[in-house]
Amino acid sequence: MATPHIAAEPGDFAPAVLMPGDPKRAERMAESILDDARLVTSTRNILGFTGRYNGAGDFKGRPLSIMASGMGMPSISIYATELFDQYGVERIIRVGTAGGIAAQVSVGDVIIGTGAHTTSSMNELRIPGTHFSATADLRMAAAALAAADDGMTVHAGAVISSDHFYFTIPGQFDAMVAHGVLGVEMEAAALYGVAAQFGKGALTILTVSDHLANHSADMTAEERETIFQHSLKLAVAAAFA
Ligand code: HPA
């Protein structure tokens, strides 16, 4: 049973799917946190893996899937819809990067996106006459927040899901700062819309890779990988909450 964009069989996905944007990142994540990981789909090189979580503690051995989303809201909407609707997936946790917006957010921090403003029209027609509120699953967000430790700085609040990476609407940045928006990324609002449509759980956990106000220095590859482990820890907690 393949769907138009996923070449997996029924039962190939675990109830929870961690979803980075980049297929290579999905592969590296599967190699590092899954035992017996197997490739369940590779349509369009959007790689999906299922295995058993290899970390310590209560979650060890539990089934977990990891699949890439590609970039942007149309892309994540396609995969989230097919996973929720056709493959029995109950939870999707996006693990990605964000540009920092709020002054208190620094490169290397983690953002739990409990809500997502958006420049996209994808949720506009969901409830006629209504501005849709794109919100995360509270139980999953609470579990992620509870998994934070002293070695990481974690923020929880609203992000903005933008259709643009290289264009900023004039005046938008200052208004976002004034309204406490933590960071910008490109997928959360659409993921939350699809989860609401199917009555499923979704969460977005973001590593801050740059800051729009001060163009902070880039991280080294090693720093990036260490810091990504922070997001991953929170994402696993949300997957099994
Ligand atoms: N815009 C959108 N997505 C991002 C950014 C950004 O500046 N940085 C990391 N992900």
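Here are a few notes on the pockets and the bound ligand in this predicted model.

1. Start with the biggest space. The largest pocket holds about 900 Å³. Its lining runs to 36 residues, and those closest to the pocket centre are Thr97, Ala98, Phe165, Ser209 and Asp210.

2. Who builds that wall? At least two lining residues of the largest pocket come from each of α1 (23–33), β5 (91–100), α4 (172–178), β8 (183–185), β9 (201–211) and α6 (221–239). Strand β5 is the top contributor to this lining, with six residues. By residue class, the lining of the largest pocket splits into 15 nonpolar, 12 polar and nine charged.

3. Now the ligand. The space it takes up is the largest pocket. Around the ligand you'll find Thr97, Ala98, Gly99, Phe165, Val184, Glu185, Met186, Ser209, Asp210 and Leu212. That shell is made up of five nonpolar, three polar and two charged residues.

4. Which strands supply the shell around the ligand? β5, β8 and β9 each put in at least two residues. As with the lining of the whole pocket, where β5 gives the most, the largest share of the shell comes from β5, here with three residues.

5. The polar contacts deserve a look on screen. On the backbone side, an N or O atom of Thr97 sits 3.4 Å from a nitrogen atom of the ligand, and a polar backbone atom of Gly99 is 3.2 Å from a ligand nitrogen. Asp210 joins in through its side chain, with a polar atom 3.1 Å from a nitrogen atom of the ligand. As for cover, the ligand on its own has 260 Å² of accessible area, and the protein covers 89% of that.

6. Thr97 and Asp210 come up twice, so to speak. Both are among the residues closest to the centre of the largest pocket. Thr97 also has its backbone contact with a ligand nitrogen, while Asp210 has its side-chain one. Phe165 and Ser209 are likewise listed close to the pocket centre, and both belong to the set around the ligand.

7. Don't skip the second largest pocket, with a volume of about 260 Å³. It has 13 lining residues, and Ala116, His117, Thr118, Phe132 and Ala134 lie nearest its centre. Strand β6 (residues 110–118) gives the most here, with four residues. The lining of this second pocket divides into four nonpolar, eight polar and one charged, against the 15 nonpolar, 12 polar and nine charged of the largest pocket.

Notes:
Residues numbered from 1 in each chain as written. Predicted model: local features only at pLDDT ≥ 70, side-chain atom pairs only at ≥ 80, totals over all residues. Heavy atoms only, no water. 1 Å grid on protein atoms, 1.4 Å probe; cavity = no way out; pocket = protein on both sides within 12 Å on 5 of 7 lines; lining within 4 Å. Points joined across faces, edges and corners; volume = space filled by probe spheres on them. Nonpolar A, V, L, I, M, F, W, Y, C, P; charged D, E, K, R; others polar. Near = heavy atom within 4 Å. Polar contact = N/O pair within 3.5 Å; in protein donor to acceptor, adjacent residues only side chain to side chain. Areas by Shrake-Rupley, 256 points an atom, 1.4 Å probe, with all protein chains shown as cover. Sits in = over half its atoms within 2 Å of the grid points.
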